[in-house]
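Please open the model in your viewer and keep the selection panel at hand. The stops below take the ligand, then pairs of helices, then some points along the backbone.

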Amino acid sequence: MDNLIKRLEEIVGPAHVSAAAEERYFYSMDPGTMPAAPPDAVVMPKNTKEVSRIMALATEKGVPVVPMGAGLVLSGLTRALKGGIIMDMKRMNRVISVNPASRYAIVEGGTSQGMLQTYLKKHHPGLKHSMPDAPPVATIGGNIAIHGSGHLSVLAGFHTDMLNGMEVVLPTGEIVRTGSCSVSPDWFARAPLPDLSGIFLGWSGTTGVITKLSIKLFPKYKHNDLLVFVCEDADLMPEIISRLTSAQAAEDMTPWMTPKPFWAKGFLHINIAYGGHTKEELTFRRNLLRASVKEYMDKKIAGFLPMPPPQKKRFMKLPSPDLARFADVKKGGGFEYVGAIMGIERFPEAYRAGLEIAEKHGVTWSMGARIIGAGHCMMFFYAYAFNRADKQDVARAQAALEETNAAALLIGGIPWKAEAPAQKQIMAKMDPSTRDLMDRVRGMIDPAGIMNPGNLET
Amino acid sequence: MQSVIFHPDLCASCKSISCLMRCQYIEFSGIDEARAERKKINSGLDSRVLHECLTCYSCQEYCPNGNNPFFFLVEQQEKLGILPAPIPIVKEQLAMMAPRGRLEPQKAHAPVVDMCAFPMLTGCIRPPLFENASVFSGTDFFCNIMWLHFAKNSTIFERVPKMIENIMTCYLKDSGPDEHSMAELICFHDECYGTYTTVANAYSIPVPFKPIHLFDYIDKKLDELSGKIKPLNAVIAYQRPCSNRLIPETDKTLDRIFEKIGVTRAARKYDRQNALCCGGVPRAHQRDDFADELLEKNLNDMVASGATYCVFNCPFCMATLAEAVAEKGLFPILVSDLVQTALGG
Ligand SMILES: Cc1cc2nc3c(=O)[nH]c(=O)nc-3n(C[C@H](O)[C@H](O)[C@H](O)COP(=O)(O)OP(=O)(O)OC[C@H]3O[C@@H](n4cnc5c(N)ncnc54)[C@H](O)[C@@H]3O)c2cc1C
Ligand code: SF4
Ligand code: SF4
């Protein structure tokens, strides 16, 4: 171990390696329910070269490496399940360049969402990227590694759909590029080449370390607004979502259902964010959205919540503070959610399953979804807040999460960024030939089996 | 179902049918059609008025006989199940504005100011206008007049007596000048005063305290503080709120206030009896196109009046319009804050 630390210090400098007990404790867990698993050391590289040297060293020594951004995934994917090194990417946080003509930004793998947001605000006020509702310190690389989604997902899909290409360091230390940047100096698209990015997307850091990536940017509107649609019948939701998305006017749609505040209990809301370069464009989009669901308004069974502009401000914050606020409901800092990707038509079943599970386990809950694309699918989430200091509360949340994962799979959904136990449930349901292919790909890329071991294992 | 005080016989002998003929939002081919629709409403039959009504309260003011046509219209909407807004919108708001039972009796001292359901405006209650005031707010003291916009007279009957009881128990029980006189309650919001006077009368709800309109309080206070007034020398556009239709006499007091602080109320097309709805309610009724139209007319009129301030008395009107007004270059402000400005507060 001493030798490993010394070799790491030679690569990144002594200030950026630690095997101190308090550091190992700190890095052993995330805010979710998964039990702690401390690393032997933590290292913070500054550039691709250092990442490459660390990976080569780890392969040579057969030491596990867990890449980590902000560690906010909540499902314990950045824990060192088999010990080894946690590679904290936060020092690789540069916005390298922005191409305003082709609308993309090239950033380092540890660049935070907040950093890119601020950079664009300052240097390219006419552009924006899709923000997840995670705290702004969450990294773009970490989010890409798990197929994240955010406030432009209705417009442009999962964040991985917004990816143009990457630079990745393989477990062996080799540096590879995917997408146009592997041929051209420009990072504009993944087409027309064979799409190798997929080897790293959704793999939760088990195939390589993303050191650079190109992410799509979008026009930033001068005028922005929000509508909140409300109904009481979950069975109506798929059709409502389908109609609203068919208007092709919104950037983001996030249904939410919660028993707190008490007045919201029993109602199903959809926040719909949209914008326009001019007031006229904004009104035109609003009218398209309203027209799409007019039938429900005419029948008086659903409608838009009246909300004066000052009240809307809170809902229009990017990222939205609401989930983070919910996370603190029980105090004690515990929060985790099952996000399951599934078809829109599964909404009613998903909602009812959530209500049943929450009641059975007596957990503090909130449910919601983010619509992906023009109603192509959704990330339906079941969030549970708990007091980390209260063992029983943690156990209740854990049991609810496990049952929720099973219910999501039963409905036909797939738990997103699944915790280790849910990964097992997914693998058990997966087509054996798919599982086999995953194994072969991983074995080829990571012969020493050092990349985030214990996760996504078949 | 309890009923509001309304006399169909007054309508039968009414020559003007002003309630409908003067309505700014529903067109009639002539007085005969208006009379026919009035008759339908009064006979408990469906009428297009019940569907097209913006719930602007104005007919309440237009009726020369004080016959409560608006309250009766709302009653008929509810009876016939004619809903101006979708059911979930009404239900969720009913839950949102429901009393929470957070009642803690306080030792209040005059002036006691009722801020309705606007705790965020408590900062308005400050010297010099409000020296040593006791203030309260919240849904346990909410005047509940808003249900007139949602065909929910029944909620007014149900909740207003409870609110009155809460106000008495928590703030006014021991604060009367003596055991024989009623305690006074300064209503910051027009709606509260309208509720505890006109609505309470029409709905036969007893009120055991003396409501004082904010304008009356300010008017009197300005006499006390006359030495401190620095005239503002400004032209203002006033956004008269719907609830003021229930208490039109207070509009004259407002004129006096403006005069005392050196403000000219612009002679607008859409002020006084022709005031336009702020647009918040039609949006709740899912009539955004209509709300847009009102907004445009109203803003153009304000700009044309040459005003520098847009003055509100209703916090909801202000929340709805402030941004749009500011974009047009007018400064949105509440009456009380405008007066505080003139007093250097
Ligand atoms: C309140 C709250 C709200 C949230 N809302 C959203 C949301 O709206 N949308 C959404 O998508 N997510 C959301 N999340 C989940 C999560 O926080 C985000 O997806 C976040 O972007 C993950 O980034 P991170 O830097 O924290 O990743 P980490 O937790 O550090 O890592 C996530 C995974 O990626 C791997 N990884 C990290 N960096 C790299 C790298 N450079 N190369 C290779 N692999 C890497 C890790 O090993 C791990 O498997 C939310 C979380 C919270 C707490
Ligand atoms: S409500 Fe008043 S104005 Fe209307 S018809 Fe009756 S008496 Fe006349
Ligand atoms: S409330 Fe207003 S819109 Fe409705 S009938 Fe009366 S005046 Fe017309």
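Start by selecting ligand 1 in this predicted model, and look along the backbone of chain A for its polar partners. A polar backbone atom of A:Pro67 lies 2.6 Å from an oxygen atom of ligand 1, a backbone N or O atom of A:Ala70 is 2.7 Å from an oxygen atom of the ligand, and a backbone N or O atom of A:Gly71 is 2.8 Å from an oxygen atom of the ligand. Of the 960 Å² of accessible area that ligand 1 has on its own, the protein covers 98%.

Next, widen the selection to the shell around ligand 1, which has 37 residues, with A:Pro67, A:Gly69, A:Ala70, A:Asp133 and A:Thr139 coming nearest. Colouring this shell by class will show 21 nonpolar, 13 polar and 3 charged residues. If you colour by secondary structure instead, you can pick out strand E3 (65–68), helix H5 (140–144), strand E10 (209–216), helix H11 (322–327) and strand E16 (333–342) of chain A, each of which supplies at least two residues of the shell.

Leave the ligand now and select helix H1 (residues 2–12) together with helix H3 (residues 48–61) of chain A, which pack at an angle of about 160° with their axes 9 Å apart. Since an angle over 145 degrees counts as roughly antiparallel, H1(A) and H3(A) are therefore roughly antiparallel to each other, and their crossing is right-handed.

How do helix H12 and helix H13 of chain A pack, and how far apart are their axes? Select residues 347–361 for H12 and residues 391–411 for H13, and you will find an angle of about 155° and axes 10 Å apart. H12(A) and H13(A) are therefore roughly antiparallel to each other, and H12(A) passes H13(A) in a right-handed crossing.

The last stops concern backbone geometry, for which it helps to recall that most residues other than glycine have a negative phi, and most peptide bonds are trans. Select A:Arg103, in the loop between strand E5 (95–99) and strand E6 (104–108) of chain A; A:Arg103 is not a glycine, yet its phi is positive, at about 50°. Move on to A:Pro261, in the loop between strand E13 (252–257) and strand E14 (268–276) of chain A, where the peptide bond from A:Lys260 to A:Pro261 is cis, with omega near 0°. Finish at A:Pro319, in the loop between helix H10 (309–312) and H11 of chain A, where the peptide bond from A:Leu318 to A:Pro319 is cis, with omega near -5°.

Key. Residues numbered from 1 in each chain as written. Chains lettered and ligands numbered in written order. Predicted model: local features only at pLDDT ≥ 70, side-chain atom pairs only at ≥ 80, totals over all residues. Heavy atoms only, no water. Near = heavy atom within 4 Å. Polar contact = N/O pair within 3.5 Å; in protein donor to acceptor, adjacent residues only side chain to side chain. Areas by Shrake-Rupley, 256 points an atom, 1.4 Å probe, with all protein chains shown as cover. Helix = DSSP H or I, 4+ residues; strand = E, 2+ residues; numbered from the N terminus. Nonpolar A, V, L, I, M, F, W, Y, C, P; charged D, E, K, R; others polar. Axes fitted to C-alpha atoms, helices over the stretch in contact; angles between N-to-C directions. Parallel < 35°, antiparallel > 145°, perpendicular 65-115°, else oblique. Left-handed = near helix turned anticlockwise from the far one by under 90°.
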